[in-house]
Amino acid sequence: MDVSDRLKELQGRPWLDIPYYSLGSARRVPTMLSRHEQLLYYWLGAVWARGVGEFVDVGSYVGGSTACLAEGHITANLPTRIHAFDRFTSSEALKRRMLYAAGIDPFEGEDILPLAKELLKPWAGRVTFHHGEITDQTWDGSPIEVLTLDASKVALKTDAMARMFLPAMVPGQSVLVQQDYLHCSQPWIAAQMELLADHFAPVGHCPDDSMVYLCTRQVDEEALERAEIGLLTDAEIFDLLDAARARHAGRGLDDRFDMMIRALEANPDKRIAWQFTPAPPPAE
Ligand SMILES: C[S@@+](CC[C@H](N)C(=O)[O-])C[C@H]1O[C@@H](n2cnc3c(N)ncnc32)[C@H](O)[C@@H]1O
């Protein structure tokens, strides 16, 4: 099967035909993913992957996204492993909202690694935990078949993650999910993917904020240098957002791109997601 056949396979969004109960025990792991995203992650393991590379989940929190990938991975009995990267810490406010509200017993402290390990026990033999700041981590270069990125909250670290993982993606085989692509506090993700347009073909939007890509060309040093977004000016990012909006024309995303543009206008020069104030409403 060539790249265009594999792209067509993804563009049909076959994960939407999967009943939610297929996720089995993964449904019990608290997650910030939408149901569409959970189904996508499961499908990538259960149906898409052929065992040509590892699964890498960057920004796992207590393992909700990792569990969806892992349930698909175990269904297909893939020979590869799943790698969960995170600081594995949580504030008390987030614990209340994400964990206690989902029935987890309250606990002291910010460390959520023991909880993630407990929640991911059904897939323990398949999952490797990479604990700590992403810029202190390394990747050994092993091929990656599925890469899900949900930790691109700082532009310079988004460059570091690209450098760490994208060269390991296999053209025609590897899927990249940019979990925060449409989030208005992280416009650098759409800018980065525009600069990588020769290497990743967009498959489509997976609500709420994800954009799904197929790797179409090996990412080399020259591509990484060209795709650096950490030091771009606002004007350069605005131009790339306009190009991204044109690339995704017909997908019903114009309002989302407009909101991203208004958010950057309201937060000039900011490159850290949690420092963004909300996008103002559109002018009348
Ligand atoms: C939106 S949450 C991930 C949600 C998760 N995928 C789920 O299914 O619930 C983002 C995660 O990225 C992690 N993260 C963000 N920046 C990071 C960094 N620079 N290094 C390591 N982890 C980071 C946070 O600790 C947090 O758990």
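## Helix 1 and the sheet

Helix 1 (residues 3-11) lies across strand 5, strand 6 and strand 7 (210-215). Its axis runs at about 10 degrees to strand 6. The model is predicted.

The sheet itself is open and has seven strands. Their order is 3-2-1-4-5-7-6, with mixed pairing. Strand 3 (127-131) and strand 6 (200-206) stand at the edges. Each has a single partner strand, so one side of each is left without a neighbour in the sheet. On average, neighbouring strands are turned by 15 degrees against each other, direction ignored.

## Strands 4 and 5

Strands of a sheet pair through backbone hydrogen bonds, either parallel or antiparallel. Strand 4 (residues 144-149) and strand 5 (residues 175-178) run parallel. Four bridges join them. Within this pairing, Leu 149 stands opposite Gln 178 in strand 5.

## The largest pocket

The largest pocket holds about 990 Å³ of space. Its lining comprises 35 residues. Nearest the pocket centre lie Met 32, Asp 150, Ala 151, Lys 153 and Asp 180.

Two elements give two or more residues to this lining: helix 3 (64-75) and strand 2 (82-86). By class, the pocket lining has 13 nonpolar, twelve polar and ten charged residues.

## The cavity

How many cavities of 30 Å³ or more does a search of the whole structure find? The search finds one. About 60 Å³ of space lies in the largest cavity.

The cavity lining consists of Asp 159, Ala 162, Arg 163, Leu 166, Gln 192, Leu 196, Leu 224, Ala 227 and Glu 228. Five of the lining residues are nonpolar, one is polar and three are charged. Which element gives the most to this lining? Helix 6 (residues 155-165) does, with three residues.

## Salt bridges

The structure holds 15 salt bridges. One of them joins the side chains of Lys 157 and Glu 133, at 2.8 Å from N to O. This pair links distant parts of the chain. Lys 157 sits in helix 6, while Glu 133 belongs to the loop between strand 3 and strand 4. The two residues are 24 residues apart.

Helix 6 thus appears in two places: it carries Lys 157 of this salt bridge, and it gives three residues to the lining of the largest cavity.

Note on methods: Residues numbered from 1 in each chain as written. Predicted model: local features only at pLDDT ≥ 70, side-chain atom pairs only at ≥ 80, totals over all residues. Heavy atoms only, no water. Pairing = 2+ DSSP bridges. Axes fitted to C-alpha atoms, helices over the stretch in contact; angles between N-to-C directions. Contact = heavy atoms within 4.5 Å. 1 Å grid on protein atoms, 1.4 Å probe; cavity = no way out; pocket = protein on both sides within 12 Å on 5 of 7 lines; lining within 4 Å. Points joined across faces, edges and corners; volume = space filled by probe spheres on them. Nonpolar A, V, L, I, M, F, W, Y, C, P; charged D, E, K, R; others polar. Salt bridge = Lys/Arg side-chain N within 4 Å of Asp/Glu carboxyl O.
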